[in-house]
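Welcome, and please open your viewer. We will take a short walk through one structure, with a few stops to select along the way.

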Amino acid sequence: MAIINRTPDSFHDRGRTFALDKAIEAVENAIANEADWLDIGGVPFGPGPEVGEQEEIDRVVPLIAAARERTEAVISVETYRPEVARAAFAAGADVLNNTSGIHDLGLADVVAECKTVLIVTHSLANPRTPFPRPTYEDVTREVADFLRARVDVALSRGIPADRIIIDPGHDLNKNTYHSLELTRRLTEIADIGHPVLAAVSNKDFIGETVDRDQRERIEATIATVSICILQGARIVRVHDVAEIVPAVRMIEGILGWRPPAYTRHNLA
């Protein structure tokens with residue numbers, strides 16, 4: 001899953017793909033580098049300036065439409081607003097990536113109505129608000145319990161089980177120790193029974209663990225993505241598609257999920 005943000009204050013891109021032409025270029029690069037999925041967002045998860053609903057629609061809808069013209073890859077919209085999701089689906093998106101644990105039940109209703117797919121993510125704070133010093137007695141168990149409960153809500157709103165994906169929300173209202181433990185015990189999240197998305201790319205828990213600035217975390221991100229796949233993740237959300245795809249393809253080959261691209265060695 002390639003991350004494409006039309007935001008001036010994104011966590012990693014820092015506005016590099018805010019302009020529509022730059023965002024379309026990022027879409028084209030992701031496709032060229034074999035991304036299976038494009039995740040398009042117009043408002044960051046973390047605290048920041050208010051972005052109105054229409055402004056968010058104006059950011060994401062033209063990009064989704066342009067992406068759909070260029071690819072059959074999966075397209076998701078990251079939003080916490082039902083009407084933004086509705087507009088995104090009309091423009092060609094397939095999935096709602098909601099990082100707020102479907103705090104607004106209207107989100108689930110739009111997904112059910114449009115017969116699309118929902119990603120349910122663990123987070124504790126309301127959208128765009130801080131959650132200082134989060135504490136857990138057992139972070140993995142509590143995250144798993146939260147996800148099960150929110151999946152039940154999604155099911156009750158008419159979303160079929162086979163159209164639900166779960167994300168433990170690395171770093172979302174969690175400190176570095178919490179995110180490391182979630183990664184170490186990710187099989188417990190996978191055991192819930194829905195496909196697991198791991199959104200770990202360049203995150204602070206990686207930087208704090210290996211003492212690297214945000215632009216220097218690619219090797220540690222590859223290691224983290226690899227561990228997540230081995231622990232049950234089936235979708236990985238990344239910034240650096242060109243660098244991550246070969247690592248993922250190699251894991252798939254070793255595990256027997258994907259045949260080699262070609263075989264000549266010792267066959268002559």
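A residue is called buried here when its relative accessible area is under 20%. Thr 99 has a relative accessibility of 15%, so it counts as buried. Keep in mind as you look around that this is a predicted model.

**Stop 1: Thr 99**

Select Thr 99 and look at the loop between strand E4 (95–98) and helix H4 (105–114), where this residue has its place. Which residues does Thr 99 touch, leaving out those up to four places away in sequence? Show Phe 45, Glu 78, Thr 121, Ser 123 and Leu 172 to see them. Now add His 122: the C-alpha atoms of Thr 99 and His 122 are 6.9 Å apart in space, while 23 residues separate the two in sequence.

**Zoom out: the whole chain**

Switch to a cartoon view of the protein chain, and you can look for 10 helices and eight strands. The radius of gyration is 18 Å, close to the 18 Å from the globule rule for 268 residues, so the chain is as compact as a globular protein of that length. Along the principal axes, the C-alpha atoms fill a box of roughly 60 × 45 × 40 Å. Of the 268 residues, 54% are buried.

Try colouring by charge next: there are 29 positive and 41 negative side chains, and the centres of these two sets lie 1 Å apart.

**Stop 2: Arg 81**

Select Arg 81, in the loop between strand E3 (74–78) and helix H3 (82–91). Is Arg 81 buried or exposed? Its relative accessibility is 11%, so Arg 81 counts as buried. Zoom in on the side chain of Arg 81: one of its polar atoms lies 2.7 Å from the backbone oxygen of Val 51. Beyond the neighbours within four places in sequence, Arg 81 has contacts that include Glu 50, Gly 52, Glu 53, Glu 56 and Leu 107. For a longer view, pick Glu 28, which is 53 residues from Arg 81 in sequence and 27 Å from it in space, C-alpha to C-alpha.

**Stop 3: Arg 185**

Finally, select Arg 185, in the loop between helix H6 (176–184) and helix H7 (186–190). At 19% relative accessibility, this residue counts as buried too, since the cut-off is under 20%. Display Glu 188 as well: its side chain and that of Arg 185 are joined by a polar contact of 2.8 Å. Setting aside residues up to four places away in sequence, Arg 185 touches Asp 138, Thr 140, Arg 141 and Gln 231.

Technical notes: Residues numbered from 1 in each chain as written. Predicted model: local features only at pLDDT ≥ 70, side-chain atom pairs only at ≥ 80, totals over all residues. Heavy atoms only, no water. Helix = DSSP H or I, 4+ residues; strand = E, 2+ residues; numbered from the N terminus. Rg over C-alpha atoms; globule rule 2.2 N^0.38 Å. Buried < 20%, exposed > 50% of the residue type's maximum accessible area, 1.4 Å probe, protein only. Lys, Arg positive; Asp, Glu negative; His and termini not counted. Charge placed at Lys NZ, Arg CZ, Asp CG, Glu CD. Polar contact = N/O pair within 3.5 Å; in protein donor to acceptor, adjacent residues only side chain to side chain. Contact = heavy atoms within 4.5 Å.
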